[in-house]
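Open the model in your viewer and keep the sequence panel beside it. This tour tells you what to select at each stop and what is there.

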Amino acid sequence: MKNFISDSEKQTIDAGRSFSHELGSGDVICLQGELGAGKTHFVKGLASGLGIDPQAVSSPTYTLINEYSGELPLYHFDCYRLKNEAEALDIGIEDYLYGEGISVIEWPQRVSNLIPEDAYIVTLEHVSDTKRKITIHQRDGS
């Protein structure tokens with residue numbers, strides 16, 4: 001398990017960029033945190049570490065998935081608007097999760113039965129107005 005304390009958006013982006021260097025093809029990241037916790041900034045850091053312009057990264061709240069091309073493809077899902085796992089299957093989520101890219105899933109509890117056992121869990125928590133605690137571990141406990 002890894003823990004970071006972020007005192008700024010830049011430090012949250014830097015944490016994502018640093019973590020991106022540990023990732024490889026087919027990795028899945030479950031991203032958890034309240035509104036405003038810094039999830040999109042963390043994904044901007046992941047993107048930057050994969051050679052993707054972080055300014056191109058936006059929340060997929062209304063599109064369900066944003067796809068970015070870099071050293072590895074980055075797939076950013078927001079499953080909040082999905083009613084059930086069948087809807088995720090209808091949009092082809094398994095093709096992404098078991099494909100060549102890195103998948104980041106917000107609201108992973110909506111598709112929990114579809115997520116690989118070795119997925120990473122990244123939790124961003126408000127500590128104060130400007131401070132966040134970022135915790136990273138693998139779902140299978142490793």
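**Stop 1: Asp7 and Lys131**

Select Asp7. At 42% relative accessibility, Asp7 counts as partly exposed; the term covers everything between buried (under 20% relative accessible area) and exposed (over 50%), with a 1.4 Å probe and protein chains only. Now add Lys131. Its side chain and that of Asp7 meet in a salt bridge, 3.8 Å from N to O. A salt bridge here is a side-chain nitrogen of Lys or Arg within 4 Å of a carboxyl oxygen of Asp or Glu. Lys131 lies in the loop between E6 and strand E7 (132–138) and Asp7 in the loop between E1 and H1, so the pair ties together parts that are 124 residues apart in sequence. Lys131 is partly exposed as well, with a relative accessible area of 30%.

A word on the model before you go on. This is a predicted model, numbered from 1 along each chain as its sequence is written. Local features need pLDDT of at least 70, side-chain atom pairs count only at pLDDT 80 or more, totals for chains, interfaces and linings use all residues, and side-chain values use heavy atoms, with hydrogens and water left out.

**Stop 2: the whole chain**

Switch to a cartoon view. Look for four helices and seven strands. Helices (H or I, at least four residues) and strands (E, at least two) are DSSP runs, numbered from the N terminus. Follow the chain along the sequence, and the pattern reads β-α-β-α-β-β-α-α-β-β-β. The radius of gyration is 14 Å, close to the 14 Å that the globule rule gives for 142 residues, so the chain is as compact as a globular protein of that length. That radius is taken over C-alpha atoms, and the globule rule is 2.2 Å times the number of residues to the power 0.38. The C-alpha trace spans about 40 × 30 × 30 Å along its principal axes. Of the 142 residues, 45% are buried.

**Stop 3: more salt bridges**

How many salt bridges does the structure hold? There are four. Select Lys2 and Glu22 for another. Their closest N and O atoms are 2.4 Å apart. Glu22 lies in the loop between H1 and E2 and Lys2 in strand E1 (residues 2–6), so this pair ties together parts that are 20 residues apart in sequence. Glu22 is partly exposed, at 40% relative accessible area. Lys2 is partly exposed too, at 32%.

Next, go to helix H1 and pick Lys10 and Asp14. Their side chains meet in a salt bridge of 2.8 Å, N to O. Being four residues apart in helix H1, they are separated by about one helical turn. Is Lys10 buried or exposed? Lys10 is exposed, with a relative accessible area of 56%. Asp14 is partly exposed, at 26%. Add Arg17 to the selection: salt bridges that share partners join Lys10, Asp14 and Arg17 into one network.

**Stop 4: the aromatic rings**

Show the aromatic side chains. Rings of Phe, Tyr and Trp (its six-membered ring) pair if their centres lie within 6.5 Å; planes under 30 degrees apart count as stacked, over 60 as edge-to-face and the rest as tilted. By this rule there are five aromatic pairs. Select Phe19 and Tyr120. Their ring centres are 5.1 Å apart and their planes meet at 85°, so the pair is edge-to-face. Phe19 lies in helix H1 (residues 9–20) and Tyr120 in strand E6 (residues 120–126), so the pair ties together parts that are 101 residues apart in sequence. Both residues are buried. Add Phe42, and you have one aromatic cluster of Phe19, Phe42 and Tyr120.

Move to Tyr75 and Tyr96. With ring centres 4.7 Å apart and planes at 70°, this pair is edge-to-face. Tyr75 is in strand E4 (residues 74–78) and Tyr96 in helix H4 (residues 93–97), 21 residues apart. Tyr75 and Tyr96 are both buried.

**Stop 5: Gln32**

Finish in strand E2 (residues 28–33), where Gln32 lies. Gln32 is partly exposed, with a relative accessible area of 31%. Then select Thr123. Its C-alpha atom is 4.7 Å from that of Gln32, though the two are 91 residues apart along the chain. Leaving aside neighbours within four places in sequence, Gln32 is in contact (heavy atoms within 4.5 Å) with residues including Lys39, Pro108 and Thr123.
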